[in-house]
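Got your viewer open? Let's take a walk along the chain, one selection at a time.

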Amino acid sequence: ELIELEKFDRDTIKKGLQSIWKNAMFEEDFDYFEIEYLCKKFDLSIKDVFGTDDLVKLNLKKEQAENGNSQLVIIF
């Protein structure tokens, strides 16, 4: 199967890897290391495919707690 995939041009492979990550990034059994492994199989780096090394970005904001201190809150 890998030999057949190598017939595609690099842009198609990059789009495919991006799609895989988009659809599987919240799955418990698929993580950063699996997508990194797949990228290396096609002689690509995470940065080549996604434009950055940081694939996981959290939306955080600072919110004031009842005791007057601040805390970080994850925004979904």
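Before we count anything: helices and strands here are DSSP runs, with at least four residues for a helix and at least two for a strand, numbered from the N terminus. What you are looking at is a predicted model. Color the protein chain by secondary structure, and you should find four helices and two strands. Follow the chain along its sequence and the pattern reads α-α-α-α-β-β. Of its 76 residues, 16% count as buried.

**Stop 1: helix 2**

Select residues 10-24, which make up helix 2. How far apart are its end C-alpha atoms? They are 21 Å apart, and that agrees with the 21 Å that 15 residues should span at 1.5 Å a residue.

Now show the side chains of Ile13, Leu17, Trp21 and Ala24, which are buried in helix 2. These four cover an arc of only 90° around the axis, so they sit on the same side of helix 2. If that spacing puzzles you, here is the rule: an α-helix has 3.6 residues a turn, so residues three or four places apart point the same way. Next, select Lys15, Lys22 and Asn23: these exposed residues are on the face of helix 2 turned away from its buried side.

**Stop 2: helix 2 meets helix 3**

Add residues 32-41, helix 3, to your selection. The axes of helix 2 and helix 3 come within 11 Å and cross at roughly 170°. Angles over 145 degrees count as roughly antiparallel, and helix 2 and helix 3 are therefore roughly antiparallel to each other.

Which residues meet here? From helix 2, show Leu17, Ile20 and Trp21; from helix 3, show Tyr32, Ile35, Leu38 and Cys39. Sorted by class, this contact of helix 2 with helix 3 has seven nonpolar residues, no polar ones and no charged ones.

**Stop 3: the loop after helix 3**

Move on to phenylalanine 42, in the loop between helix 3 and helix 4 (46-50). Is phenylalanine 42 buried or exposed? Its relative accessibility is 14%, so phenylalanine 42 counts as buried. Now select glutamate 6 as well: it is 36 residues from phenylalanine 42 along the chain, yet their C-alpha atoms are separated by 7.4 Å.

Finish with aspartate 43, which lies in the loop between helix 3 and helix 4. With 65% relative accessibility, aspartate 43 counts as exposed. Check its backbone too: phi of aspartate 43 is near 55°, a positive value in a residue other than glycine. For background, most residues other than glycine have a negative phi.

Definitions and conventions. Residues are numbered from 1 along each chain as its sequence is written. This is a predicted model: local features need pLDDT of at least 70, side-chain atom pairs count only at pLDDT 80 or more; totals for chains, interfaces and linings use all residues. Side-chain values use heavy atoms; hydrogens and water are left out. Axes are lines fitted to C-alpha atoms, for helices over the stretch in contact, and angles run from 0 to 180 degrees between N-to-C directions. Angles under 35 degrees count as roughly parallel, over 145 as roughly antiparallel, 65 to 115 as roughly perpendicular and the rest as oblique. Contact means heavy atoms within 4.5 Å. Ala, Val, Leu, Ile, Met, Phe, Trp, Tyr, Cys and Pro count as nonpolar, Asp, Glu, Lys and Arg as charged, and the others, Gly among them, as polar. Buried means under 20% relative accessible area, exposed over 50%, partly exposed in between (1.4 Å probe, protein chains only). The expected span of a helix is 1.5 Å times one less than its number of residues. The arc is that of the directions from the helix axis to the C-beta atoms.
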